[in-house]
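Please open the model in your viewer and keep the sequence panel beside it, since each stop below begins with a selection. The tour moves from the interior outward to the contacts between parts.

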Amino acid sequence: MSGTHPLHRVAIVGVAATEMARQIDTSSAEVSLRAALAALDDAGLGVADVDGVAARWPGPGGTVFQPGSADWAGVFGQPLRWVCDTYPQGVPGALDAAAAVAAGLCETALVFGGQAGVMGGSAVADYTRPDNEFIACWGSLTAAQFALVAQVYRHRHAPDPEQLAAIAAAIRNAGSANPAAVMAGRGPYTATDVLASPMVAEPFRLLDLCLATEGAAAMVITTTERARDLPQPPVAILGGGAEWHRQQYVNPPRYDEVWSLGADAARRAFDLAGLRPHDVDVFELYDINTYEVVRQFEMLGLCAEGEGAEYLWEAGIGTDGRHPLNTDGGLLSYSHIGWGGPTLKIVEAVRQLRGTAGPGQVPNAEVALVTGAGSGAQYHNVMVLGGG
Amino acid sequence: MGGRTDELEDRSLRPLTGEFWAAVNRAELVRPVCNDCGQSFFVPQFACPYCQSTNWDYQPSSGRGRVYSHTTVHRPPTPAFTAPYVMADVDVEEGWHLLTWIVDCEPDQVAIDMPVSVKFVTGPDGHRLPAFAPDGAAR
């Protein structure tokens with residue numbers, strides 16, 4: 001709204017996602033590089049234009065954090081002015097890069113990451129088995145951590161199982177229609193299918209839960225001034241915010257502390273944007289599981305606590321509904337590439353605002369909401385994007 | 001996180017948490033208590049989350065609490081665990097909470113607010129663990 005906030009002087013000018021699959025026969029660093037180069041190509045830029053990098057990065061400027069850690073200055077063959085590896089993906093990565101560009105620490109920042117060659121064909125990804133000594137001994141997994149939150153919600157609010165299952169079915173059907181989705185062509189799914197799928201950790205059944213797949217995603221952020229000379233319509237970061245409640249997967253997440261996680265971040269993001277949640281045309285929400293989708297509508301204040309499933313049932317969440325969401329099939333059906341997953345949400349939001357999203361395109365989408373992580377992870381972040 | 005090793009690690013040698021595990025080895029439950037503000041907290045960390053004092057010690061817990069939340073896991077993360085089992089977040093009466101199992105009852109009998117007491121069990125790696133059982137459960 002106001003052109004004076006520093007974040008409003010930067011734009012997302014390029015995005016890319018690689019192929020997505022259960023397993024990709026390369027390294028995390030190489031698949032990340034592919035995404036990075038594709039995002040630069042999308043932006044009409046080259047490696048020589050990059051002076052800021054947010055990615056997994058060893059040594060000076062960062063710490064070794066697998067998968068996908070590499071000396072990116074060495075890979076790009078040039079020194080950089082700004083690097084970030086604390087959370088180089090998704091909303092926090094975009095906001096950090098935008099802040100760096102806005103502050104003049106660099107002019108063009110590349111945010112990228114993903115994973116490949118790490119899944120080993122097992123049904124449960126290693127990163128969903130936190131190895132903390134107070135967690136691992138109990139046979140915990142990410143789904144069970146989120147389940148501890150969802151169980152209290154279910155106990156207090158008794159949501160309708162069919163209305164919940166319909167959310168998972170709708171997102172999975174969006175994935176069925178997306179040729180790039182890992183689950184492309186699968187389905188169609190009904191609420192009955194979701195309710196008939198095997199129980200993983202009560203109340204979550206298999207079809208309530210996200211994928212664990214491989215691939216990478218990237219975005220390019222630069223000044224609005226620079227963006228004028230570039231081929232893509234720039235996408236504006238209208239507002240954003242983050243909340244870090246606790247280190248994830250150590251202490252069990254508690255419903256009373258985390259069900260509204262993100263509400264403060266959302267308030268700040270929408271204030272900065274001069275908008276309200278009702279103004280959002282398309283939602284790209286972090287859909288670790290079905291309950292998290294419901295949670296985020298309640299957290300945003302679009303409905304009261306306990307009423308999310310019924311609210312979405314009535315509002316509609318397809319491209320023709322009042323709240324189109326996870327138009328690429330989301331983490332449930334498109335792809336969830338570990339530390340690259342949060343960036344996929346931004347890639348799809350940018351394509352929606354450009355009008356190039358494919359079968360999931362929402363007509364005339366002008367405002368998009370992107371979120372990351374969730375209650376069980378004990379951190380949440382929110383970004384409001386607008387068409388150029 | 002590796003699989004089961006032939007020789008059990010001596011958990012009492014772990015930095016910061018060794019005393020907790022040493023007590024568990026003796027079938028005793030302890031928790032960090034701040035010597036400055038008197039609050040209990042968990043997991044053990046170098047400073048008290050209530051007053052940031054680093055002056056705290058492990059003290060015995062009554063081992064009595066209530067189920068804050070619970071989930072029955074049907075698909076274990078590794079083959080070492082046998083499903084179904086009930087993971088729970090238990091509020092212990094001194095004002096701290098921990099991830100644990102509820103044992104000695106059917107999974108569908110576990111309920112939020114159910115009173116429980118510590119019951120030491122042997123985990124799949126052979127180590128003793130502080131699980132909880134419903135009060136009045138058959139021994």
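How many residues does the largest nonpolar core have, and which residues have the most contacts inside it? Before selecting anything, bear in mind that this is a predicted model. The largest nonpolar core has 159 residues, and those with the most contacts inside it are A:Ala39, A:Ala218 and A:Leu385. If you then colour by element, α5(A) stands out as the one that gives the most to this core, with 9 residues. In soluble globular proteins, nonpolar side chains tend to be buried together.

Select A:Leu385 and display what surrounds it. Leaving aside neighbours within four places in sequence, A:Leu385 is in contact with A:Val235, A:Ala236, A:Ile237 and A:Leu238, with A:Ala349, A:Val350 and A:Leu353, and with A:Ala368 and A:Val370. A second, separate core has 5 residues, among them B:Val33, B:Cys34, B:Cys48 and B:Trp56, which can be selected next for comparison.

**Helix α11 of chain A**

Now select residues 308-315 of chain A, which form helix α11, and pick out A:Gly308, A:Ala309 and A:Leu312, which are buried. Why do these residues lie on the same side of α11(A)? They cover an arc of only 100° around the axis, and this puts them on the same side of the helix. An α-helix has 3.6 residues a turn, so residues three or four places apart point the same way. Adding α5 (161-177) and α10 (290-299) of chain A to the selection shows the elements against which the buried residues of α11(A) pack. Just after the helix, select A:Gly316, which follows α11(A) and has a positive phi, near 90°.

**The two domains of chain A**

Colour chain A by its domain assignment, which gives domain 1 as 6-120 + 214-227 and domain 2 as 130-211 + 238-386. The C-alpha centres of domain 1 of chain A and domain 2 of chain A lie 24 Å apart, and the contact between them takes 24 residues from domain 1 of chain A and 24 residues from domain 2 of chain A. On the side of domain 1 of chain A that touches domain 2 of chain A, the elements to select are β1 (10-17), α3 (90-102), β4 (108-115) and β7 (215-223) of chain A, which give two or more residues each. The largest share of that side, 6 residues, comes from α3(A). By class, the side of domain 1 of chain A that touches domain 2 of chain A has 15 nonpolar, 7 polar and 2 charged residues.

**Chain B as a whole**

Hide chain A for a moment and select chain B, which has 1 helix and 7 strands and follows the pattern α-β-β-β-β-β-β-β along its sequence. The radius of gyration of chain B is 16 Å, close to the 14 Å that the globule rule gives for 139 residues, so chain B is as compact as a globular protein of that length. Taken along the principal axes, its C-alpha atoms fill a box of roughly 40 × 40 × 25 Å, and buried residues make up 30% of the 139 residues in chain B.

Next, colour chain B by its two domains, domain 1 (9-60) and domain 2 (62-139), whose C-alpha centres lie 20 Å apart. Here 10 residues of domain 1 of chain B are in contact with 12 residues of domain 2 of chain B, and the side of domain 1 of chain B that touches domain 2 of chain B divides into 5 nonpolar, 3 polar and 2 charged residues.

**Where chain B meets chain A**

Show chain A again and select the interface, in which 26 residues of chain B are in contact with 29 residues of chain A. On the side of chain B that touches chain A, β3 (64-73), β4 (85-92) and β5 (96-102) of chain B each supply at least two residues, and β3(B) gives the most, with 6 residues. The residues of this side of chain B divide into 14 nonpolar, 10 polar and 2 charged.

Finish by selecting B:Met87, which lies in strand β4 of chain B. Is B:Met87 buried or exposed? With 26 other C-beta atoms within 10 Å, B:Met87 is buried. Not counting residues up to four places away in sequence, B:Met87 touches A:Trp138, A:Ser140 and A:Ala144 in chain A, and B:His70, B:Thr71, B:Val73, B:Leu99 and B:Trp101 in chain B.

Methods: Residues numbered from 1 in each chain as written. Chains lettered and ligands numbered in written order. Predicted model: local features only at pLDDT ≥ 70, side-chain atom pairs only at ≥ 80, totals over all residues. Domains from an automatic or database assignment. Contact = placed C-beta atoms within 7 Å. Helix = DSSP H or I, 4+ residues; strand = E, 2+ residues; numbered from the N terminus. Nonpolar A, V, L, I, M, F, W, Y, C, P; charged D, E, K, R; others polar. Buried ≥ 20, exposed ≤ 12 C-beta atoms within 10 Å, placed from the backbone. Arc of directions from axis to C-beta. Core = buried A, V, L, I, M, F, W, Y, C linked by C-beta atoms within 7 Å. Rg over C-alpha atoms; globule rule 2.2 N^0.38 Å.
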